[in-house]
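User: I am new to this structure and should like to understand the terms used to describe it. Please explain the reasoning step by step.

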Amino acid sequence: MLDPDGASQYQPGVVRMRSSQLLSVSLLAAAGLLLAPALAGVASAQETSTVRAAEEEEVDDWNWDEDESADEDTTVDEVVDEAVDTTPDDLDDAIQDDLDILDPPELEGVPDKPTLEGEPTEPEVEGARKSASRKGGSVENLYVTATKREESIQDVAISMKALNSDFLKDSGLTEFGQLQQYVPNLTINPVTDSRGTVIRIRGIGSIGNNSGIDPSVGVFIDGVYQGRAGMSVGDMLDVERVEVLRGPQGTLYGKNTAAGLINVISKRPHYELESTLEGVIGNFDAFEGRGSINVPIIDGRVATRLSGYRVVRDGFDENFFDDSDINDGDKWGLKSRWLFDFTDTLSLLLTGDYSSEDTKCCVPDIVTYEGRPTLWAGPTAGGFSPGHTFQGLEFESGIPLPEADPFDRKLGVDVTPMNEVDIGGVSFDLNYELPPIPFVGEIPFFSGSTIQAIGAWRTYSSDSRFDGDFSFYDVTVGATDTSLDQYSAEVRFASPDDEIWTYQAGFYYYHQSQDTEDTLTLQGLTPLTLPFLAISLPITNVGDNHHTTTSYAGFAQTTISPTEKWSVTGGVRYTKETKTRRGTQVATCGVFCFLDTPPLLGPDIDSGLQERTVENWTGMASLRFFPTDEIMTYFSFATGFKSGGFNQLRTTSTVSGEFDDEESTNYEVGAKTTWLEGMITLNGTFFYTDYEQFQAQTFDGSSINVINAGSLVSYGFEGELVVVPLPEMVLGASFGWNVAEYTDFEKAEQTAQQRWDAIDASPIGPPSGLMACNAILFNCNQDLSDKELENAPEFSLNVFASYEYLLPFFPVALYTRADYSFQSDRYLAQDLDPHLKQDDTHLVNLRAGLKAEDERWDLTFWITNLTDEEYGVVGFDAPTLNGFAMVNGPPRQYGATVRLNF
């Protein structure tokens, strides 16, 4: 049964079992003819004739009951004609009536139903042995709206993964970032705060802490595009379904989907009173509370749904500088939705939401104090000093360096981290189905069409502060204050679904206004290491930026299905986008500002008004073929783009802050298949994606630059297998193989060691001042052509198994679930520094509990990261110093969840 969004309710225990009832003699011949094609493919006319002759002979051999049977003169042809006109309900009634009139002795020796040549027969007598396939269950037929139409996921010609509300509940998935454990070729990682979250599909993504660059992966919540990745990191509250579409989706969706998108669909109000309460307790003094209530106001016309959550948790790590917890959890949110069904063809859905987060996130841990520093300290009394190092700070302060163990869960930062985020907004979703035209009636391809209008305003603010040197030495402090407002509107016209020719067309508008203030302070250098700059300390650089984006688009997509087996789809989108930036960079560095050394030193900069406008055409085409009802194959081609922009951070005078558009072209060939009467689904897709002018963010330990990398490719395979061997058991596996590598990136950022090697090899010796690398005197780049991207594991895997057992004598079920996810080794930094390479990662989650047979309540005990796997999710050079740091993945957690449904 479909909900208003078109998502089927996941019931792993539901089984599609063929009936074992006997057909009466009057329907035996018809059943054989009707079932034969489904059981063995298309039969020839000769085979059909042979089967019919065999059936007629069987009919003559049977003894008929004069009171209950058909007339003796009745022919098989007449029986077949009558059966064809019989509805399924009538057929069931007829079967039961015929079973009732048969005497038990007559059941012995009943011949099997006629079959095509070579087809095995099955006993149809009640109590006889059933085939293995008929003991199994059926894989859920999940409906999605990836193509902006309601379709079975098995019919969608896109490489995608969909998780519905029951999957989210059964797996314990409550945080947006946890999606990567269940979706191969997807990674979602924070940086130094949630604002900097980076989402990657097939290895392609953009760090979100630079407001001048848009995400490569688009996030849509209830049809509304989210302008920054950090706007989507809230709780997965009251979610009906999550759809992850891989590859560019540049036709039907809004802006900036060069690598793919994540589509989050919330539960809609409906006309039944229901409510859910959930409480979670766990280690690290974790408490989570979630609840929702659905209330029909006017039956069939007005309903509302209210949901909310609260999450608190102590920090995963201890800050031994002040004995406080850091990397904790503290967030809450509310959502209200109102549905107005004015008529059977006109509805309006209003949504308002607000969420807030206040955490000490996301502090990295020092990996090692070894390595060359990112800055050169200039001449000292003892000659050239090797920059500002942790070893130098240890010598000057007399405070010994803590052990460099990235996984001891002990960090030392002298700046209290801050991550305050507020997200909210309102939206409307209006749907109108066109009625027949008066005096004309229904018009093919028009009557029954729908007009959908979606409008939204969203606001986002983030105030963050972090220790810039990731240590308890008083060296650098960074802070960013961001505020954003966005407005979007979309009007879409869609023809009816059940036509040979279907189409969609519409217009899209988006406007974003964003203000940022970035502050970086250098305050802890001493005369021993940097004597000539000490008189100017502290040095502070403040960058103020105002970015705007205005986008207009028109799109159309059509599908032609000349037969039931073939369909061809084509679409196109025209986009015109304008970006502006007005920014300043002001440094308090006295006479040393002439050094022009980002991100701290340099002359005052006023960018004035910078503006760029781009017009772009994207499109798609696909060919879909159904060899059988259970197999769909497809080939698709799609393009996407992400507009260029302006880097908001200070760079050297030799680096341009403007970067060009990024474009992608994707090819896919795949198949989606169903086997053994729905017991098994097996899907697979081969893909090849080419990116031109990829927007790469480089970090040299001091400044962040955005440059166009030239080109890169991402190719591989994505597969999914789901098996329901028993009605109570579900087994699944998702696999990803992805090779993401640069094909042309000659001006990539060097590692710290490479820069120092270039300086040492220079005939003029080390430079003076803070210049560790000057683009005029030294080669500051490395060639990463034919090298892999960071945070793009070549292999990823998720395997799960769930089992549900109804206890005897009690209306209570025992259920268990195990999840295993794997990611192969990968680099954590863009410069591919070997100090920041993460080994293979293995994560195991377990869940077990009890629930009422009517699902009124359930109690679950759970544990995540069972083996306490130690792994990093993103890494970088320690700014202004030597060494390396990385953000760790969550440790082992365990607890219990209680859920009540009313």
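Analyst: The model is a predicted one. A suitable starting point is Asn616, which has a relative accessibility of 7%; buried means under 20%, so Asn616 counts as buried.

User: Where does Asn616 lie, and which residues does Asn616 touch?

Analyst: Asn616 belongs to strand S28, residues 605-628. Leaving out residues up to four places away in sequence, Asn616 touches Arg573, Tyr574, Thr575, Phe641 and Glu663.

User: What makes the pair Asn616 and Glu663 a polar contact?

Analyst: The side chains of Asn616 and Glu663 are joined at 3.0 Å. The cut-off for a pair of N or O atoms is 3.5 Å, and the value of 3.0 Å meets that limit, so the pair is a polar contact.

User: Why is Arg458 called buried?

Analyst: The relative accessible area of Arg458 is 10%. Since buried means under 20%, Arg458 is buried. Its place is in strand S23, residues 450-467.

User: Which side chains make polar contacts with the side chain of Arg458?

Analyst: One is the side chain of Gln226, at 3.0 Å. Another is the side chain of Asp353, with a polar contact of 3.0 Å. Apart from neighbours within four places in sequence, the residues in contact with Arg458 include Val224, Met231, Ile423, Leu484 and Asp485.

User: How do you know that Cys361 and Cys362 form a disulfide?

Analyst: The S to S distance between Cys361 and Cys362 is 1.6 Å. A disulfide requires sulfur atoms within 2.5 Å, and 1.6 Å satisfies this, so the two cysteines are counted as joined. By this rule the count comes to one disulfide. Both Cys361 and Cys362 are buried.

User: Why are the buried residues of helix H8 said to line one face?

Analyst: The buried residues of H8, which spans residues 390-397, are Phe390, Gly392 and Leu393. Viewed down the axis of H8, these residues fall within an arc of 155°, and therefore they line one face of the helix. Strand S18 (365-368) is included in what covers them. Just after H8, Gly398 has a positive phi of about 80°.

User: What makes up the largest nonpolar core?

Analyst: The largest nonpolar core has 42 residues, and those with the most contacts inside it are Phe176, Leu179, Leu186, Ile199 and Ile262. Among the elements that each supply at least two residues of this core are helix H7 (165-171), strand S4 (186-189), strand S10 (260-266) and strand S37 (729-744). With residues up to four places away in sequence not counted, Leu186 touches Leu179, Ile199, Val244, Ile262 and Gln823, among others. A second, separate core of 30 residues includes Leu401, Leu601, Leu843 and Ala878.

User: How do you know that strands S11 and S12 pair?

Analyst: Pairing calls for at least two bridges. Nine bridges join S11 (residues 274-282) to S12 (residues 286-298), so the requirement is met, and these strands run antiparallel. Thr276 has Ser292 in S12 as its bridge partner. S11 and S12 form a hairpin with three residues between them, and in the turn Phe284 has a positive phi of about 60°.

User: Which strand continues from S12 in a further hairpin?

Analyst: S12 forms a hairpin with S13, again with three residues between the strands. In that turn, Gly300 has a positive phi of about 80°. S12 and S13 (residues 302-313) are antiparallel and joined by 11 bridges. Gly291 stands opposite Gly308 in S13.

User: Why are S15 and S21 called edge strands?

Analyst: Three strands form an open sheet in the order S15-S14-S21, with mixed pairing. S15 (324-326) and S21 (410-411) are the edge strands: each pairs on one side only. Three bridges join S14 (residues 317-319) to S15, and these two run antiparallel. Asn319 has Ser324 in S15 as its bridge partner.

User: What can be said of the protein chain as a whole?

Analyst: The protein chain has nine helices and 48 strands. Of its 902 residues, 54% are buried. Among contacts with a separation of 6 or more, 70% come from residues 24 or more positions apart.

Terms used. Residues are numbered from 1 along each chain as its sequence is written. Side-chain values use heavy atoms; hydrogens and water are left out. Buried means under 20% relative accessible area, exposed over 50%, partly exposed in between (1.4 Å probe, protein chains only). Helices (H or I, at least four residues) and strands (E, at least two) are DSSP runs, numbered from the N terminus. The arc is that of the directions from the helix axis to the C-beta atoms. Contact means heavy atoms within 4.5 Å. A nonpolar core is a set of buried Ala, Val, Leu, Ile, Met, Phe, Trp, Tyr and Cys residues joined through side-chain atoms within 4.5 Å. A polar contact is a pair of N or O atoms within 3.5 Å; within protein, one must be able to donate a hydrogen and the other to accept it, and residues adjacent in sequence count only if both atoms are side-chain atoms.
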